[in-house]
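Good morning, and thank you for coming. I shall speak for a few minutes on the structure that is about to appear on the screen.

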2 protein chains.
Amino acid sequence: MSLATDRGKLQSADKPTLYKQIRIDIERRILTGEWPPGHRIPFEHELMSRYGCSRMTVSKALSELAQADLIERRRKAGSFVRRPTFLSAVLKIADIRAEINALGRSYGYELIQCSRRTANATDRARLGAGKTGKVIAIACRHSADGVPFAIEDRLIDLDAVPEAAAADFAAEPPGSWLLHHVPWTEAEHSISAIVADEQAAAALDIAIGAPCLVIDRHTWRSARPLTAVRLLYPGESHKLIARFKGGLEG
Amino acid sequence: MSLATDRGKLQSADKPTLYKQIRIDIERRILTGEWPPGHRIPFEHELMSRYGCSRMTVSKALSELAQADLIERRRKAGSFVRRPTFLSAVLKIADIRAEINALGRSYGYELIQCSRRTANATDRARLGAGKTGKVIAIACRHSADGVPFAIEDRLIDLDAVPEAAAADFAAEPPGSWLLHHVPWTEAEHSISAIVADEQAAAALDIAIGAPCLVIDRHTWRSARPLTAVRLLYPGESHKLIARFKGGLEG
DNA sequence: CGCGATTTTATGTATAGACATATAGAGACG
DNA sequence: CGTCTCTATATGTCTATACATAAAATCGCG
């Protein structure tokens, strides 16, 4: 009765399950450098006796570490701490409307230009499509609390995304519309810096020659190009944050 | 008999193991939109009979999808396709020396300045450390095929990384040294754009006012600041690539 | 009808055992 | 000494079963 009837096991406050304990334990040793890159992790049968559990259990812990790229498993040889040859950071690029809303600022959207046309050579090159038919070209501006936040220049392949023909991009930003209506499988972001030309400066309300951060995003579904977009942000006010989390959660 | 002795199962050329087939199958339906966000994935017992396998097998497939954040599993309710609120892209930021070598270009390194000092207020703010003792301040330049590639301005907390006192940063770039000698648990990259001032322009051999891509990286071990670094790249020549991979590998 | 207690159910963790498979390392051979 | 073959072995997958746990669904009672 009352709170917490006495269970058979009677364990401490919160037991994070055995396989998670094992995973966290190994993770800790890797992250603190106790087991440096290249170090061979104890064999499964050693971990079995060390933790007093079955092989499936230690295997589950090791599999998750492998999936998270912290270790590498090789048959017959064992499991090894991976050598981090690069920093792998997760860059979360929000839909701009969602991003501005998340900041607690009021989102503004303005369609500057929207036209449908048969793809010319430039369009095809930009999309990376071989023989494209029709495309939609969109230019628009996002603002936060009335201040220009980013300008967007987008191309949508109408053959790959026929539903886009019916969308009202005056009412909904193309990024949001696409995110919610079009499934995609691959995306690539190329990040660079430019200085504002006259047109960009006017649209973003900054000085000509001011720095701008550029994101060129290409999106595909099963290797077929869907859309190409260039986002231009005032360079010093906007920052992209990429966070690396060595460990896994919970 | 010769090739491929008749096994009991007799399967096609390459069998990607059952649980992977299941995972890829579900993944495909999610990625193509057949199962949109919020859709409930068939219960484990349904998948068991659909694929004719045990529960552990379908569970393994679903667990991997959950770890990859493609689905969400809720006890008693079932497993659901996750609603992607943002684009999550993996940004691989290589060690600069490794990056240049990988491009097949010759790496050049030049230590501009290296000094040890007691942290002043600016240093402490930059590191985000409360009461810092000594720090090492480093300025250096990386080049590829003799052309300036990036300039680096770094601060290392000597209390957190005492080994750094013995490192020879004239011989080895601090980024490489740290990556190979100092374990860390968290890193944050802030990416922005600026225009080159006189000093940066001279160091990178570009015009004053030319755009530069800036990466500010902070690294911690268990919430303790280790180092803060600012990398400045010529903005139009250098691009950061962040790739999203909807699916998991093989 | 509302609400708390009970039941049901889908997932979560764990087990012991089985067979598959890649491969490091040993041994055979030239 | 190199190379080729074989074998031992660690991981990879899968099964059938068991119990734990969280929460949805239902029941029962006032």
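B:R73 is partly exposed in this predicted model, with a relative accessible area of 32%. Its side chain meets that of B:E44 in a salt bridge, with an N to O distance of 2.2 Å. B:R73 lies in strand β2 (residues 71-74) of chain B and B:E44 in helix α2 (residues 44-51) of chain B, so this pair ties together parts that are 29 residues apart in sequence. B:E44, for its part, counts as buried, at 15% relative accessibility. B:R73 will return shortly, since it is also among the closest residues to DNA strand C.

Let me stay with charged pairs for a moment. Over all chains, a search of the whole structure finds 34 salt bridges. In chain B, the side chains of B:R23 and B:E64 form one at 2.6 Å, N to O. Here B:R23 belongs to helix α1 (residues 18-31) and B:E64 to helix α3 (residues 55-67), so the bridge ties together parts of chain B that are 41 residues apart in sequence. B:R23 is buried, with a relative accessible area of 4%, and B:E64 counts as buried as well, at 12% relative accessibility.

In chain A, the side chains of A:D153 and A:R126 meet in a salt bridge at 3.7 Å, N to O. A:D153 sits in strand β7 (residues 147-157) and A:R126 in helix α5 (residues 121-127), so parts of chain A that are 27 residues apart in sequence are tied together. Are these two residues buried or partly exposed? A:D153 is partly exposed, at 36% relative accessibility, and A:R126 is partly exposed, with a relative accessible area of 26%.

I turn now to the DNA. Which residues lie closest to DNA strand C? Of the 24 residues that surround this strand, the closest are A:L18, A:S54, A:T57, B:R55 and B:R73. Sugar and phosphate make up 68% of the strand C atoms that come within 4 Å of the protein.

Three of the contacts can be described at the level of atoms. For A:L18, a backbone N or O atom lies 2.4 Å from a phosphate oxygen of DNA strand C. For A:S54, an N or O atom in the side chain is 2.8 Å from a phosphate oxygen of the strand. For A:T57, the corresponding side-chain distance to a phosphate oxygen of DNA strand C is 2.4 Å.

As to where this surface comes from, at least two residues each are supplied by α1 (18-31) and α3 (55-67) of chain A, and by α2, α3 and β2 of chain B. Helix α3(A) gives the most, with four residues. By class, the surface near DNA strand C has 12 charged, seven nonpolar and five polar residues.

The next topic is the contact between the two protein chains. Chain A and chain B bury about 4,500 Å² between them, 58% of it on carbon and sulfur atoms. Each chain is represented in the contact, with 52 residues from chain B and 52 residues from chain A. How many salt bridges are there between chain B and chain A? The count is zero, while four residue pairs are in polar contact, both residues being at pLDDT 80 or more. On the side of chain B that touches chain A, α3, β4 (86-94), β8 (186-195), β9 and β11 (240-245) each supply at least two residues. The largest share of that side, 10 residues, comes from β8(B). Its residues divide into 29 nonpolar, 13 polar and 10 charged.

I close with some local features. Helix α6 (residues 174-181) of chain A is mostly covered, with six of its eight residues buried. Those buried residues are A:P174, A:G175, A:S176, A:W177, A:L178 and A:L179.

Two residues deserve a look at their backbone angles. A:K76, which is not a glycine, has a positive phi near 70°. A:K76 is placed in the loop between β2 (71-74) and β3 (78-81) of chain A and counts as exposed, at 85% relative accessibility. In chain B, B:D205 has a positive phi of about 60°, although it is not a glycine either. B:D205 lies in the loop between α7 (198-204) and β9 (211-221), and at 62% relative accessibility it counts as exposed.

Technical notes: Residues numbered from 1 in each chain as written. Chains lettered and ligands numbered in written order. Heavy atoms only, no water. Salt bridge = Lys/Arg side-chain N within 4 Å of Asp/Glu carboxyl O. Buried < 20%, exposed > 50% of the residue type's maximum accessible area, 1.4 Å probe, protein only. Near = heavy atom within 4 Å. Polar contact = N/O pair within 3.5 Å; in protein donor to acceptor, adjacent residues only side chain to side chain. Nonpolar A, V, L, I, M, F, W, Y, C, P; charged D, E, K, R; others polar. Contact = heavy atoms within 4.5 Å. Buried area = accessible area lost by both parts, 1.4 Å probe.
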